[in-house]
Amino acid sequence: MVKSFRSLGTALRNLSGEKGTILVVDDEASIRRILQTRLEMIGYSVVTASDGEEALSAFRKETPDLIVLDVMMPKLDGYGVCQELRKQSDVPIIMLTALGDVADRITGLELGADDYMAKPFSPKELESRIRSLLRRRNDRTTTAAISNLGVMVVDNLKIDTNKRQVYKAGERILLTGLEYSLLELLMSYPGKSFTRGEILQQVWGYSAEQHADTRVVDVHISRLRSKLEDDPEDPEYILTARGSGYFFQRVAQLEH
């Protein structure tokens, strides 16, 4: 129900021409000020928080359309915030990290974040990624309101394309918005291999010029496999095209 109200709110803001609300969470006041100023200048409403507990409170109060979330914060770090948010929402999350180890950087993705940027980062590039993710999310909201594609079925997997819901053996599987879009893309073109760059363009809405880390795709594929496959280490549905990308190897039946 919470997600439904948020989706409705997003759709209404789209119709009214508003760009939406961004929650910026960082314990560095200078970063909060810079991002708030820049984002408000290009038309967003901005809410800020200085620690993880403030972030969760602001989220419940403001229901933002996207969250920019720092990792290293007092009281509750970005990883903890991301875990809590994913229990109740698929709101897009871009994590900011100063951690040098790549494994640490992608931890947020494994917990459900949509993307990450390493500090120091380009505010202009962050703005570009925010636009892309919100545009993609808004496009999905609009499409969901007017489409009637029916249900795609493969073995014991069922995807309701109208409700954007996925079931395995009759049980609902909770996917984030990007995970769902990634699965829908691959299932819609069985046997077709998509490169990581093509997936970033089709699912994240990123252009080639944005230079997003393609490991973002790998982590989301891994998350999908862990939720859909009986044996994620030996997948039956989402396979790796060596040296290329990923493809869905089963043909889905369409039920109207």
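This report walks through the salt bridges, aromatic pairs, a charged patch and some backbone features of the structure above. Keep in mind that this is a predicted model.

**Salt bridges**

Let's start with the charged side chains. The count comes to 16 salt bridges, and three of them are set out here.

| Salt bridge | N to O distance | Residues apart in the chain |
|---|---|---|
| D26 and K119 | 2.9 Å | 93 residues |
| K75 and D51 | 3.7 Å | 24 residues |
| D155 and R250 | 2.3 Å | 95 residues |

Take D26 and K119, whose side chains meet in a salt bridge. The pair ties together distant parts of the chain: D26 sits in the loop between strand 1 and helix 2 (29-41), while K119 is in the loop between strand 5 (115-118) and helix 7 (123-146). Are these two partners buried or exposed? D26 has a relative accessible area of 0%, so it is buried. K119 comes out at 18%, and because buried means under 20%, K119 is buried as well. There's a bit more to this spot, since D26 and K119 belong to a network of salt bridges together with E28 and D70.

Next up is the salt bridge between K75 and D51. Here K75 comes from the loop between strand 3 (66-70) and helix 4 (78-86), and D51 from the loop between strand 2 (45-49) and helix 3 (52-62), so again distant parts of the chain are linked. How covered is each partner? K75 is exposed, with a relative accessible area of 65%, whereas D51 is buried at 5%.

Then there's D155, which forms a salt bridge with R250. D155 lies in the loop between strand 6 (151-154) and strand 7 (157-160), and R250 lies in the loop between strand 12 and strand 13 (253-255). Like the others in the table, this pair links distant parts of the chain. With 26% relative accessibility, R250 counts as partly exposed.

**Aromatic pairs**

Now for the rings. A pair of aromatic rings is described by the distance of the centres and the angle of the planes. How many aromatic pairs does the count give? It comes to two. In one of them, Y189 and F194 have ring centres 5.8 Å apart and planes at 70°, which makes the pair edge-to-face. Why edge-to-face? Because planes over 60 degrees apart are put in that class. Y189 is partly exposed at 44% relative accessibility, but F194 is buried, with a relative accessible area of 5%.

The rings of Y237 and F248 are stacked: 5.8 Å centre to centre, with 10° between the planes. Y237 is in the loop between helix 10 (215-228) and strand 11 (238-241), F248 is in strand 12 (residues 245-248), and the two are eleven residues apart. Both Y237 and F248 are buried.

**A positive patch, and a contact in space**

Over on the surface, K19, K124, R131 and R135 form a positive patch. One of them, K19, is in the loop between helix 1 (2-16) and strand 1 (21-25). K19 has 38% relative accessibility and so counts as partly exposed.

Another residue to look up is E40, which is found in helix 2. E40 is partly exposed too, at 40% relative accessibility. How far apart are E40 and I22 in space? The C-alpha to C-alpha distance is 9.4 Å, with their positions 18 residues apart in sequence.

**Backbone features**

Last, a look at the backbone. Most residues other than glycine have a negative phi, and most peptide bonds are trans. Here K119, the salt-bridge partner of D26, is joined to P120 by a cis peptide bond, with omega about -10°. P120 is in the loop between strand 5 and helix 7.

Which way does phi go at T63, positive or negative? T63 has a positive phi near 40°, and it is a residue other than glycine. T63 is placed in the loop between helix 3 and strand 3, and at 27% relative accessibility it counts as partly exposed. R164 isn't a glycine either, and its phi is positive at about 55°. You'll find R164 in the loop between strand 7 and strand 8 (165-168), where it is partly exposed at 23% relative accessibility.

Notes
Residues are numbered from 1 along each chain as its sequence is written. This is a predicted model: local features need pLDDT of at least 70, side-chain atom pairs count only at pLDDT 80 or more; totals for chains, interfaces and linings use all residues. Side-chain values use heavy atoms; hydrogens and water are left out. Patches are made of residues with over 30% relative accessible area and no salt bridge: like charges are joined within 9 Å, nonpolar side chains (Val, Leu, Ile, Met, Phe, Trp, Tyr) within 5 Å. Accessible areas come from the Shrake-Rupley method with a 1.4 Å probe; for residues, only the protein chains shown count as cover. A salt bridge is a side-chain nitrogen of Lys or Arg within 4 Å of a carboxyl oxygen of Asp or Glu. Lys and Arg count as positive and Asp and Glu as negative; His and the chain ends are not counted. The place of a charge is taken as NZ of Lys, CZ of Arg, CG of Asp or CD of Glu. Helices (H or I, at least four residues) and strands (E, at least two) are DSSP runs, numbered from the N terminus. Buried means under 20% relative accessible area, exposed over 50%, partly exposed in between (1.4 Å probe, protein chains only). Rings of Phe, Tyr and Trp (its six-membered ring) pair if their centres lie within 6.5 Å; planes under 30 degrees apart count as stacked, over 60 as edge-to-face and the rest as tilted.
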